[in-house]
Structure formats: C-alpha cells, structure tokens
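Reader: I would like to learn how to read a structure step by step. Could you walk me through the one below?

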Amino acid sequence: MAALRAATLSWVLALDILISQATNITMSNQKYRLLFLSTPVGALGSGVGGGVELTLQNAAKALIARGHSVEIVAPAGSISHVTKLTAIAGNMQISAQTQVGADMVVLPQNSVLENMWSYAREVQGQFDLIFNFAYDWLPLYLTPFFQVPIAHWISMSSLSPVIDGMISKTVQQSPKAIAVNTRACADTFTAGEQLMIMGKGIDVSQYQFVAKPDRPQLAWVGRISPEKGLEDAAEAAQCTGLPLHIFGLIQDLSYWQQIQLDFPKAKLYYEGFLATEQLQERLGQSSALLMTPRWIEAFGNAAIEAFACGVPVISYRSGGLTEIVRDRQTGFLVDMGDVSGLIDAISQLDQIDRLACRQQLEAEYSLEVWGDRLERWFEQLVSDYRAK
Ligand code: HBI
C-alpha cells in the first residue's frame, strides 16, 4: 500500500513540475513589439542625454536578446547600432535640471517631444507596449489617452513639483507603470512606494577586465555640469598629484573653465564623450573612478561600467550609488563634499580586489539579469492592461 502511495505521490509531483514549466514557457513565450521613446533633450549618441542613452540602448539589447522586437523614436540626428530608429524633427526640450523646483511646464514651439508623441500616437496600433525614457511631464500625462500600455523610466531623482505631481497621478491611474533605478531614487518622490525598482544592466561582453593598470591614475565620467561635482575630483587630483582623466560631454563650459582656474596644479585630461568601446578601454587603466555628485544620483551608470573593467569606485554617499558600491569591498563611500575622504580612500585602494568589482557586476548588473526583470515588468503591464 505504502509503495503505491509513494508511486502516486511522485507521479503527482512530476505532473506539477510539468504544469509549472508549461505555464512558464507560455508566460515567457510572449514576444512583444516594443516602441521606445528616447529623451527629447538631445540626439541619441550626442551625450546630451547622459546616462539615459546607455540605459535605452542596453534595454533594447536585453529585450531583443529575449526575442522581442524594439523600435526607437528619437530626435533628428540620433543614431542607434542596436535597432531601427525613427528620427523626429523639432526643437529640443529644455533640460529638467534647469527646472529644479518648477511648478509649471515649459515646451518650445515645434517641440520635438510633442512631435515624437504625435508619431507614437499614429503608430501605436503596431505595438504591444511603449517604453518612455523622457523625464518630462507630457508623456506621463498622455498615458491614459493611449490604447497601449506605456511604461516610464524615470532616470533622475525628484527635481520639480510639477513632474512629481504628474508621476503621482500617472501611477495612481496606471499602477506599476513607472520605474526608477534604485530605492534611493524612488524615495525622493512623493509616490516613491508605488514606483518599480528596476536596477540597471550593461552588456558585460563590451568591457574588458584589467587586473593591473599600467600606471596610477584616476578617472571621472559624467556630464560636466555643476550637479556632478567635478571640482571635488579635480581638488583630489591636485592634492594627490595623480592624473585625472575626464570623460563626458561639457554641458556647462564656464563651469569647466572655472575648475581649471581653481585647480591650476591638477593634472586634468579631458577625453571627450566616448562611445562605450573607447570609454571602457581608457577606464580600465584607472586605479579608481571618482564619483562626486552634488545631487541625489539616480543610479550612476559609470559605477557599473567601472566595475566591469575591474575599476574600484570611490563615491559620495549619494542616491543609487549607496546601493551599488560595497564600501571597502568594491570601493569606498565618502560623505558628500568630503574631499579629504576622497583622498584617504585613494590612499587605501590597494585594499580593494579588482576582480571582486567585476564579479559583483556580473552577478548583479548583467543584461541577462536586467532583461529578465524588464520582461517580467512588461508582462505585468500588458496583462494588467488587457485585463481592464
Ligand atoms: N530633461 N526635460 C528633460 N527630459 C529628459 O529626458 C532629460 C532631461 N535632462 C537630463 C536627461 N534627460 C538625461 O541626461 C538624464 O536622464 C540622464
């Protein structure tokens, strides 16, 4: 009798496993037609869009790798090597960083943002979901007017009440529709609890691990603009005598010129805004990446790119970076503005195992890990939308 019961039980178990695998296959078998709408502040590939350009291209890669189709809509002059891109003419949107505290929305005449969304409205019937990368009021407001679900990637911390207010309204009407990189970024918004924490992923195969750089040098990566705090990295470079290689778009020229005047003895080498291939080649030669944000950093793409090359990160305790950098394991966390803390950390870099940086990256920030999370998010949004 007992033998019969045991045999029946194993049969039931085997059946259960089969059913769950079958449902998994049908769930992940859903292949979506996705329309990505890029940031309206600059052409994709120009560097004006900062980290969000890398985010968009990597999200496209991650989802295409899983069998979904992706098309990108972006301002005229944009380029993408990843998938089909439709370029839209119009005047660029004013950067949200210049609208801190704003309680009204500014749109130029013949706005590229407006034109991109008019195009999206026309073609929406060919897609299962729209993925918006703009940090702007209009796409959020348009969400309930579209006949397909719209997912929003909020790429910066809270900057203005007018955007925060629309984020709260949108996520009320379309729960789960809005994602941010990190919990720290979500917490800056009134609707923080309703935001999806999606992390980030990069294509690890694009980054070469460097076990030992040829010579001691520091790196800094980011849009050269006051909120990114380059002056502190320049001061640390001047105090330690180490060369500082700077990568990114000069968004504020007078700010950059002032830094060179303020730190005449610092060995500063401006390398421009480089594509990933060239950036990772130079980044890998660094003893450390300095991240000195003077705002709440939403994520810090540069940090995971540095880890991919085996480069430890010395960063201010700001926003998403506190969730990425493992203090004293993959780098050092320093109180915001504490330049002497940066200098102390630089002197302790030999304590950090560069391989540990690469291993953390592969475990937590690969395209596969991130693609899986994005796909599950979209499955939720599409099924919720269809269930309405
Ligand atoms: N400002 N208005 C606006 N819209 C954006 O999409 C935007 C921005 N400022 C900066 C920016 N995007 C990106 O550089 C960051 O999201 C990384």
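Author: Happily! Keep in mind that this is a predicted model. A good place to start is the ligand: of the 19 residues around the ligand, T39, G49, A96, D136 and S155 come nearest.

Reader: What classes of residue make up the shell around the ligand?

Author: The shell has nine nonpolar, eight polar and two charged residues.

Reader: Which atoms of A96, Q97 and D136 lie at a nitrogen atom of the ligand?

Author: For polar contacts, look for pairs of N or O atoms within 3.5 Å. Here, a backbone N or O atom of A96 is 2.8 Å from a ligand nitrogen. Q97 places a polar side-chain atom 2.9 Å from a nitrogen atom of the ligand, and D136 has a polar side-chain atom 2.7 Å from a ligand nitrogen. As for cover, the protein buries 96% of the 390 Å² that the ligand exposes when taken alone.

Reader: Let's turn to the protein interior. How many residues has the largest nonpolar core, and which have the most contacts inside it?

Author: The general idea is that in soluble globular proteins, nonpolar side chains tend to be buried together. In this model the largest nonpolar core has 57 residues, and L230, L244, L289, L290 and I314 have the most contacts inside it. Helix α10, residues 301-308, gives the most to this core, with six residues. Apart from this core lies another, of 28 residues, among them Y32, L44, W153 and L367.

Reader: Which residues does L244 touch?

Author: Leaving aside residues up to four places away in sequence, the contacts of L244 include W220, L230, A237, Y269 and L290.

Reader: Now for a loop. Is S80 buried or exposed?

Author: Check the relative accessibility against the cut-off: buried means under 20%. S80 counts as buried because its relative accessibility is 18%. S80 sits in the loop between β2 (69-75) and β3 (85-88). Its side chain reaches the backbone nitrogen of V82 at 3.0 Å, and a polar atom of the S80 side chain lies 3.5 Å from the backbone nitrogen of T83. Not counting residues up to four places away in sequence, S80 touches Q57, I72 and L85.

Reader: And where does S318 lie?

Author: S318 is in the loop between β12 (313-316) and α11 (321-324). S318 counts as buried because its relative accessibility is 1%. Beyond residues up to four places away in sequence, S318 touches P293, W295, I296, E297 and M336. The C-alpha atoms of S318 and V334 are separated by 9.0 Å, with the two residues 16 residues apart along the chain.

Conventions
Residues are numbered from 1 along each chain as its sequence is written. This is a predicted model: local features need pLDDT of at least 70, side-chain atom pairs count only at pLDDT 80 or more; totals for chains, interfaces and linings use all residues. Side-chain values use heavy atoms; hydrogens and water are left out. A residue is near a molecule or strand if one of its heavy atoms lies within 4 Å of it. A polar contact is a pair of N or O atoms within 3.5 Å; within protein, one must be able to donate a hydrogen and the other to accept it, and residues adjacent in sequence count only if both atoms are side-chain atoms. Accessible areas come from the Shrake-Rupley method with a 1.4 Å probe; for residues, only the protein chains shown count as cover. Ala, Val, Leu, Ile, Met, Phe, Trp, Tyr, Cys and Pro count as nonpolar, Asp, Glu, Lys and Arg as charged, and the others, Gly among them, as polar. A nonpolar core is a set of buried Ala, Val, Leu, Ile, Met, Phe, Trp, Tyr and Cys residues joined through side-chain atoms within 4.5 Å. Buried means under 20% relative accessible area, exposed over 50%, partly exposed in between (1.4 Å probe, protein chains only). Helices (H or I, at least four residues) and strands (E, at least two) are DSSP runs, numbered from the N terminus. Contact means heavy atoms within 4.5 Å.
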